[in-house]
Amino acid sequence: MSLVLDDRRRAMLAEMGVRLFEAPSAPPAVAPAASAVSLAPIPPAPEARPQPAPSESPAARRVPVPQDPARAAAIEAMSWDELEQAVAGCEACGLCASRRNTVFGVGDRQADWLIVGEAPGENEDLQGEPFVGQAGKLLDNMLRSLGLDRGNKVYIANVLKCRPPGNRNPDPQEVAQCEPYLRRQVQLLQPRIILAMGRFAVQALLGSDEPIGKLRGRRHEYMGIPLVVTYHPAYLLRNLPDKARAWADLCLALELMRGNAAA
Ligand code: SF4
């Protein structure tokens with residue numbers, strides 16, 4: 001897929017808050033420099049989960065939590081439908097008590113791209129779908145800037161399938177209990193690229209407490225699959241300069257996708 005910017009893609013980037021002054025004649029091999037863009041304001045989204053600045057110290061550091069091997073083995077053997085049913089009835093952590101809906105994931109089960117966020121917010125909990133509201137709209141625009149959409153070659157899931165009350169930070173115990181579901185989704189999906197969005201998704205997938213600013217811009221792996229770290233759309237709605245970096249991250253992910261596809 002070419003990244004030469006046609007009018008439609010340029011409009012999508014503008015909606016994302018990224019405007020290129022000059023149309024590149026060839027796909028960017030590396031991230032475009034932040035100085036090459038101007039940034040259009042996007043109003044904040046009141047319903048979006050508050051995203052801490054990536055440079056802040058993690059409030060809930062990742063710690064080893066004992067796993068139940070029998071439960072993990074059972075989840076690893078599940079089909080898509082069995083997995084979805086298991087999540088819908090899951091009571092493995094305290095978040096089941098306050099959820100209105102589980103948020104299993106949405107998209108193409110033959111997807112090349114897996115987008116992983118943190119946890120459902122209020123709207124996601126109400127609708128049972130990840131990344132809705134203003135943050136979801138921005139994610140959709142980011143995907144469209146690459147010629148993608150959430151129903152076609154893209155699957156979207158969260159690390160946590162139930163909403164933490166009041167959008168509080170996920171607890172390490174909750175992440176540990178829910179992570180086997182995501183691992184099974186990755187096994188079933190076998191995506192070509194994973195885009196981890198936001199600090200808690202990155203912590204869960206990479207087991208790293210480093211800030212996103214130090215982890216982005218290079219290739220990581222999760223279960224042997226290339227992974228790119230980037231900012232959560234809810235954070236980007238409030239931090240305009242980092243939208244240019246998020247665009248750079250998308251370009252990197254696309255380049256890795258191409259390399260992976262050619263392998
Ligand atoms: S967050 Fe995950 S582990 Fe906790 S109840 Fe929901 S589905 Fe189960």
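Here are three short exercises, with worked solutions, on this predicted model.

**Exercise 1. Find out which parts of the chain call for caution.**

Step 1: Start with the whole chain, which averages a pLDDT of 82, with 73% of the residues scoring at least 70.

Step 2: Look for low stretches. Over residues 21–48 the pLDDT is below 50, although the model gives this stretch 56 contacts beyond near neighbours in sequence. Residues 52–63 also stay under 50, and here the model has 25 contacts beyond four places in sequence.

Step 3: Decide how to treat such places. Where pLDDT is low, the predicted coordinates should not be read in detail.

**Exercise 2. Describe the second largest cavity and its lining.**

Step 1: Count the cavities: there are three of 30 Å³ or more.

Step 2: Turn to the second largest, which holds about 110 Å³ of space. It is lined by 15 residues, and C90, C93, C162, C178 and Y181 are the closest to its centre.

Step 3: Sort the lining by class, which gives 10 nonpolar, one polar and four charged residues.

Step 4: Ask which element gives the most to this lining. That is helix α6 (residues 172–189), with three residues.

**Exercise 3. Locate the ligand and list the residues around it.**

Step 1: Place the ligand: it sits in the second largest cavity.

Step 2: Collect the residues within 4 Å of the ligand. They are C90, A92, C93, L95, C96, R99, K161, C162, Q177, C178 and Y181.

Step 3: Group this shell by class. You should find eight nonpolar, one polar and two charged residues.

Definitions and conventions. Residues are numbered from 1 along each chain as its sequence is written. This is a predicted model: local features need pLDDT of at least 70, side-chain atom pairs count only at pLDDT 80 or more; totals for chains, interfaces and linings use all residues. Side-chain values use heavy atoms; hydrogens and water are left out. On a 1 Å grid over the protein atoms alone, a cavity is a set of points where a 1.4 Å probe fits but cannot get out, and a pocket is an open set with protein on both sides within 12 Å along at least five of seven lines; lining residues have an atom within 4 Å of a point. A molecule sits in a cavity or pocket if more than half of its atoms lie within 2 Å of its grid points. Ala, Val, Leu, Ile, Met, Phe, Trp, Tyr, Cys and Pro count as nonpolar, Asp, Glu, Lys and Arg as charged, and the others, Gly among them, as polar. pLDDT is the predictor's confidence in each residue, from 0 to 100. Contact means heavy atoms within 4.5 Å. Grid points are joined across faces, edges and corners, and a volume is the space filled by probe spheres set on the points. Helices (H or I, at least four residues) and strands (E, at least two) are DSSP runs, numbered from the N terminus.
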